[in-house]
Amino acid sequence: MNIILLGPPGAGKVTQAKILVDERGMIQLSTGDMLREAKTSGTEMGHRVAEVMNRGQLVTDEIVIGLIEEKMAGATGGGFIFDGFPRTLAQADALGAMLARHGEKLDAVIEMRVDDAALVARITGRFTCATCGAVYHDQTKPTAKAGVCDVCGGTHFLRRADDNADALKQRLMEYYKKTSPLIGYYYAKGSLEVVDGLADIGAVSAAVRKVLDKA
Ligand code: AP5
Ligand code: MG
């Protein structure tokens, strides 16, 4: 089974993707994570990617399609969760073609619907474990023991360079201009499912589970 998690910055895509990885052994393909890895590579491409991401703009289709193609080629079994990809109509077309080449199809596109007012609080409170990538929030999902990761016991945490008010404004603009047309695109293809992303993490996860079980 292959699904897309679609939603604006802070909608909860990575939070739900990690739950599905744990529960169903699916493979999470996050272009945001891949690009953050490229940013630290010290290459010329890494520097260019860092500049674009820190401003909150989209990286070129060519780069992200190449990254996804590479990861899909090396992965087996489990089914894919596309987190933060596709983000443009060109990327959506490319994904359809890549899945077809692998003899696969898209089973559901889950739009995580939220309102913009909630996103600022979500984004400004987020922090992640530097060791295992577990995602937390100062108010809605703190670690059980202050300063210690629930998953791996790590004690070093990160906040993202693009998680500030200016970059968020730009990220939202990019979402509405370039990514939100995908909602109509997948609706027309009959694959769109909508979940309430404003509910608490457990309730969103239950709604996602329901979609997957009937897909
Ligand atoms: P990316 O890393 O994909 O970021 P994003 O889309 O902006 O989304 P986020 O990761 O910020 O949010 P999320 O939906 O994963 O929310 P999370 O679960 O963390 O992309 C970053 C950048 O990379 C882009 O701006 C662009 O430059 C580039 N890029 C990436 N992909 C690209 C592509 N395909 N094409 C071109 N460029 C690309 O949740 C947020 C917080 O809320 C967390 O703290 C969490 O604990 C909390 N939370 C989650 N769910 C709930 C809930 N239900 N209730 C309360 N709190 C919750
Ligand atoms: Mg994310």
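## Helix α2 and the shell around ligand 1

In α2, one of the helices (DSSP runs of H or I, at least four residues, numbered from the N terminus), the residues Thr31, Gly32, Met34, Leu35 and Ala38 are buried, that is, under 20% relative accessible area with a 1.4 Å probe and protein chains only. Because they cover an arc of only 160° around the axis, they lie on the same side of α2, the arc being that of the directions from the helix axis to the C-beta atoms. An α-helix has 3.6 residues a turn, so residues three or four places apart point the same way. The buried residues of α2 pack against β2 (27–30), α3 (44–55), α4 (61–74) and β3 (80–83), with contact taken as heavy atoms within 4.5 Å.

This is a predicted model, in which local features need pLDDT of at least 70 and side-chain atom pairs count only at pLDDT 80 or more, while totals for chains, interfaces and linings use all residues. Residues are numbered from 1 along each chain as its sequence is written, chains are lettered from A and ligands numbered from 1 in the order in which they are written, and side-chain values use heavy atoms, with hydrogens and water left out.

The helix α2 also supplies the largest share of the shell around ligand 1, 4 residues. In total, 36 residues surround ligand 1 (a heavy atom within 4 Å), and the closest are Thr15, Gln57, Arg87, Arg126 and Arg171. A polar side-chain atom of arginine 36 lies 2.9 Å from an oxygen atom of ligand 1, and a backbone N or O atom of alanine 199 lies 2.8 Å from a nitrogen atom of the ligand.

Technical notes:
A polar contact is a pair of N or O atoms within 3.5 Å; within protein, one must be able to donate a hydrogen and the other to accept it, and residues adjacent in sequence count only if both atoms are side-chain atoms. Helices (H or I, at least four residues) and strands (E, at least two) are DSSP runs, numbered from the N terminus. Buried means under 20% relative accessible area, exposed over 50%, partly exposed in between (1.4 Å probe, protein chains only).
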